Amino acid sequence: MSTTIRNAHEKINTTRFLTHDVSLKPFCSFHTGGSADIFGTPSNLHELRMLIAYARENDLPITVLGGGTNVLISDKGIKGLTIHTAHLKNFHIRGTLLCAQAGCSIDRIIQGSIEHALSGMELLGGLPGTIGGAVRGNAGVHQVHIGDLVEWVDYLDHSGNLMRTHKEELDFSYKHSFFSETTGIIYEVAFRLIPNKATSEAMRLKEQSRKERLDAGQYAFASAGCIFKNPEGLSAGAMIEKIGLKQKNVNGAMVSPFHANFIVNQTGSASSNDVRSLAQEVATQVKKQLDIDLEYEVQFMGDWSD
Ligand SMILES: Cc1cc2nc3c(=O)[nH]c(=O)nc-3n(C[C@H](O)[C@H](O)[C@H](O)COP(=O)(O)OP(=O)(O)OC[C@H]3O[C@@H](n4cnc5c(N)ncnc54)[C@H](O)[C@@H]3O)c2cc1C
């Protein structure tokens, strides 16, 4: 075993899919945060497994980064190995089953499904990020969540074992899946879609969903979407707006003027600490004024120790 791993280590050090001290700002939608100590970009299952073996051999923690559209990365960066899934971007279709590698962008998969006369994903038009991140957090809009469409997920554990879990065991609920509770690395996801020859109508719905986001100002500034989950039956954004915190600003991190549950990097010069300070202040004020506890939707990555 150790020979295999040592071989993997040697090979990895000479290949293009493992680099050191990589700034993560370009890889997250807040455009904040520090660097990854070690940054791996696998293009296939074999490379992904080699990276996992490398981390195990060197006793490194693994962090998985997809599109970086729902994370706040520490200004101190991420220790250990960060696996960026962007090059795991193949998909294929068999009948009504669309199988996509974890790093496929959601938008590309919607487009691909429509082009193959399959329906079900159009209302997710304009949702940023990758399939892996979306499945982990059961991303969606109120009409459809990605978990509604999943048939099975293939994932790797930190020993490199490939496993398949079917929809019944995936435990999808609001902003939650089986992967919210485990360290499994999603490799491939199969979606069961619906045959639909009305491709131009499907394309129209996709574009309409994307345009609604644009018109709502979601892309006006760098952000990671909603910072807090909605408490049951309530809207976090409506509460934050009600207590007058829209446009509250900490060093360029601002409560969005368009959507009070978005914190934006308004000037592009805010740090992750600025975003977190503002988010903490918002949560404190909501608790104080409305006696409601807000829970983060955004995932904190890296070293947040003081
Ligand atoms: C402008 C804007 C609008 C948004 N609107 C919405 C919306 O309407 N609805 C919604 O639900 N979300 C929304 N989001 C949030 C975000 O787009 C989604 O949550 C998206 O699915 C995250 O995917 P990602 O690839 O960027 O994940 P990342 O941000 O990279 O990661 C998120 C989490 O998933 C984990 N992860 C990523 N890939 C894998 C993998 N292969 N295996 C295991 N774990 C993995 C990461 O470790 C992290 O914990 C919005 C974000 C932005 C910036």
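Reader: Hey, where is D291 found?
Author: D291 is found in the loop between α7 and β17. Helices (H or I, at least four residues) and strands (E, at least two) are DSSP runs, numbered from the N terminus. Bear in mind that this is a predicted model, where local features need pLDDT of at least 70, side-chain atom pairs count only at pLDDT 80 or more, and totals for chains, interfaces and linings use all residues. Residues are numbered from 1 along each chain as its sequence is written, and side-chain values use heavy atoms, with hydrogens and water left out.

Reader: OK, what phi does D291 have?
Author: A positive one of about 55°, although D291 is not a glycine. Most residues other than glycine have a negative phi. Q247 isn't a glycine either, and its phi is positive at about 70°. You'll see Q247 in the loop between α6 (236–242) and β14.

Reader: What order do the strands take in the sheet with β14?
Author: The order is β13-β16-β15-β14, an open sheet of four strands with antiparallel pairing. Two strands pair if DSSP finds at least two bridges between them.

Reader: Why do β13 and β14 each have one side without a neighbour in the sheet?
Author: They stand at the edges and each has a single partner strand, so one side of each is left without a neighbour. For β13 (222–226), three antiparallel bridges link it to strand β16 (residues 262–265). C226 is opposite F262 in β16.

Reader: Which strands does α7 lie across?
Author: Helix α7 (residues 272–290) lies across β14, β15 (253–255) and β16, and runs at about 30° to β15. Axes are lines fitted to C-alpha atoms, for helices over the stretch in contact, and angles run from 0 to 180 degrees between N-to-C directions.

Reader: Switching topic: how many strands are in the sheet with β6?
Author: Five, in an open sheet ordered β6-β7-β11-β9-β10 with antiparallel pairing. Its edge strands are β6 (91–94) and β10 (162–166), each pairing on one side only. On average, neighbouring strands here are turned by 20° against each other, direction ignored. Helix α3 (residues 106–115) packs on this sheet and touches β6 and β7 (97–101), where contact means heavy atoms within 4.5 Å.

Reader: And how many bridges join β9 to β10?
Author: Five, with β9 (residues 150–156) and β10 running antiparallel. V153 has T165 in β10 as its bridge partner. Their hairpin has five residues between the strands, and G160 there takes a positive phi near 85°.

Reader: Cool. Which residues come nearest to the ligand?
Author: V64, T69, T130, G140 and K175, out of the 35 residues around the ligand. A residue is near a molecule or strand if one of its heavy atoms lies within 4 Å of it.

Reader: What does T69 do there, distance-wise?
Author: An N or O atom in the side chain of T69 is 2.6 Å from an oxygen atom of the ligand. N70 uses a backbone N or O atom, 2.8 Å from an oxygen atom of the ligand. The protein covers 93% of the 970 Å² of accessible area the ligand has on its own (Shrake-Rupley method, 1.4 Å probe).

Reader: Which element gives the largest share of the shell around the ligand?
Author: That's α4, with four residues. Among the elements supplying at least two residues each are β3 (62–65), α4 (131–136) and β11 (185–192).

Methods:
A polar contact is a pair of N or O atoms within 3.5 Å; within protein, one must be able to donate a hydrogen and the other to accept it, and residues adjacent in sequence count only if both atoms are side-chain atoms.
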